[in-house]
Amino acid sequence: MKYIVNKHPAAIRWFHWINFPLLAVMIWSGLLIYWAYDPYAIKLFGHTFFKFFPEWFYQKYHIKRRLAEGMAFHFVFMWLFAVNGLLYVLYTAISGEWRYLLPKKSSWHEAWLVLLHDLHLRKTAPPQNKYNAAQRIAYTAVIVMGAGSLITGLAIYKPAQLYWLVWLCGGYKTARLIHFTLTILYCLFFVIHIVQVILAGWQNFISMVRGFEVADASTAKIIAKRDNDDGNA
Amino acid sequence: METHENTEPQQPKEVEPFDARKANRRTFISSLTLLAGGAFAYWGWDKLYHAPKETAADATAGARAPLRKVLDFNGELAERAVSPQNLSKTYPKAMAAKKPRVNGDIGIKGKQVEDWALTVYKNASESFKITLDEIKKLPKTEFAFEFKCVEGWSQISHWGGVKFSDFVKHYNLTEQAAMAYVGLNTPDKKYYVGIDMPSALHPQTLLCYEVSGHPLPPEHGAPLRLIIPTKYGIKNLKRIGNMFFSNERPPDYWAELGYDYFSGL
């Protein structure tokens, strides 16, 4: 006998799919802004390994001389991006979904085992609920990053009025560097996220659309039991 | 395989028996919603991206009309937050750049006029001229702050001059300063800015005649320029020729090219 295992509440699916295009617009418009002053590079011992960004990149994606346009989009979509993110955090806090998302004490060690398993260096993965330990860490980290983007973004946006935020970020220049670095990390997150979703397969992907997975009796029972455990913990 | 029926009553809402009709319905509705939402988002983005440029009115131009509405809203919101208490951080003079960066020469390409004087328009019919010597007689304020360019770079530099608020008091322009904006432009009128009055009256807004402890060189806007730390560099007009007051937004060079009118920090 098969079971329907409800995984993602509708609210989380909405937040997720709304965030995707909003973040894309924020990153694109951020690039238009960054081009106007693009000093960042990965340097080690005087050697430049990568410049953000090479000329061909700007050319290919038509990034150049669009600062005003970039600022306009950035300072409009920032509202939508921030509100969607804040509502998500509020929802997970109130609904109790945070229990599945926040890392537990054991998550740090387990995430390592998950990594070894994903790299085919270990046969079994640690038991998990909706999300495994690595996912708990990743999905919480990306929210912390989002908060970081809002804070550093506000600091760059109104450094005179929000001088205490600038101080918190370690200065105006540092705030801009952190803001940029977080954006690069989103892109890395996105790449790993997509690879993992492909590897996890269709069931996992479609559950982010329809909310549930179809499981056989043994899997469903394990999930049911673990959910009880979590409730008792 | 053991029976599962007896565990069912305790099962949480996360797990329910498979019902093909229910599962198919949920899959269908949610997939359709995602596709419709995606199509709607694409349509909305396409419409916004190709939205007509704003009609040149209210001193701005060049931005997509819907975006400009939000930018102006952001500006109004921020204007209310401008407080004389919120000062730009100042630094010891020693930390200031010896040679502050020069960026742009719009409005100052021509030779500086020998008999320069600042023309202040009290209203449409009444104006008076002030020489640099007269301005230098007013109390001097100097500080180093992190000058911020709209391009993204910033640099600590040291400036000296007369507080705009002191200037207003001394020349008895309180009536004019009750208006919403002050407009400034270069003698050739090729560069012009509008500043909201709360920002103009901010204690760090200077009619500036010194940089790094020396009289302004031509490239920094000799003989008199605006230094307004609560705004991006684009509002720090060089070589001020004329000053006027208005309740309407004065024309603004960069706001006509798609930039935010307020451009406040």
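**Figure 1. Helices and strands of chain A in the predicted model.** Chain A holds 10 helices and four strands. Along the sequence, their order reads β-α-β-β-α-α-α-α-α-α-α-α-β-α. The C-alpha atoms occupy a box of roughly 60 × 40 × 30 Å along the principal axes. Chain A has 233 residues, and 44% of them count as buried. Contacts within chain A often link distant parts of the sequence: among those between residues at least 6 apart, 70% join residues at least 24 apart. The chain exposes about 12,900 Å², and carbon and sulfur atoms supply 72% of that area.

**Figure 2. A nonpolar surface patch on chain A.** The patch covers about 680 Å². Its members are Phe20(A), Phe190(A), Val191(A), Ile194(A), Val195(A), Ile198(A) and Leu199(A). Helix H8 of chain A, residues 172–200, gives the largest share, with six residues. Phe190(A) is part of helix H8. The relative accessible area of Phe190(A) is 40%, so this residue is classed as partly exposed.

**Figure 3. The interface between chain B and chain A.** Here 55 residues of chain B touch 50 residues of chain A. About 4,500 Å² is buried between the two chains. Carbon and sulfur atoms give 63% of this buried area. Three residues, Glu14(B), Phe18(B) and Leu265(B), supply 14% of the area that chain B buries against chain A, more than any other three residues.

**Figure 4. A salt bridge between Lys173(A) and Glu146(B).** Two salt bridges are counted between chain B and chain A. In this view, the side chain of Lys173(A) meets that of Glu146(B). The distance from N to O is 3.5 Å.

**Figure 5. The surroundings of Ser157(B).** Ser157(B) sits in strand E6 of chain B, which spans residues 154–163. With a relative accessible area of 1%, under the 20% limit, Ser157(B) is therefore buried. Beyond its neighbours within four places in sequence, Ser157(B) contacts three alanines, Ala96(B), Ala97(B) and Ala144(B). Phe143(B), Phe145(B) and Phe147(B) are also in contact with Ser157(B), as is Pro100(B).

**Figure 6. The two assigned domains of chain B.** The domain assignment places domain 1 of chain B at residues 5–49. Domain 2 of chain B runs over residues 65–257. Taken over C-alpha atoms, the centres of these two domains are 57 Å apart.

Definitions and conventions. Residues numbered from 1 in each chain as written. Chains lettered and ligands numbered in written order. Predicted model: local features only at pLDDT ≥ 70, side-chain atom pairs only at ≥ 80, totals over all residues. Heavy atoms only, no water. Domains from an automatic or database assignment. Patch = residues over 30% accessible without salt bridge, like charges linked within 9 Å, V, L, I, M, F, W, Y side chains within 5 Å. Areas by Shrake-Rupley, 256 points an atom, 1.4 Å probe, with all protein chains shown as cover. Salt bridge = Lys/Arg side-chain N within 4 Å of Asp/Glu carboxyl O. Helix = DSSP H or I, 4+ residues; strand = E, 2+ residues; numbered from the N terminus. Buried < 20%, exposed > 50% of the residue type's maximum accessible area, 1.4 Å probe, protein only. Contact = heavy atoms within 4.5 Å. Buried area = accessible area lost by both parts, 1.4 Å probe.
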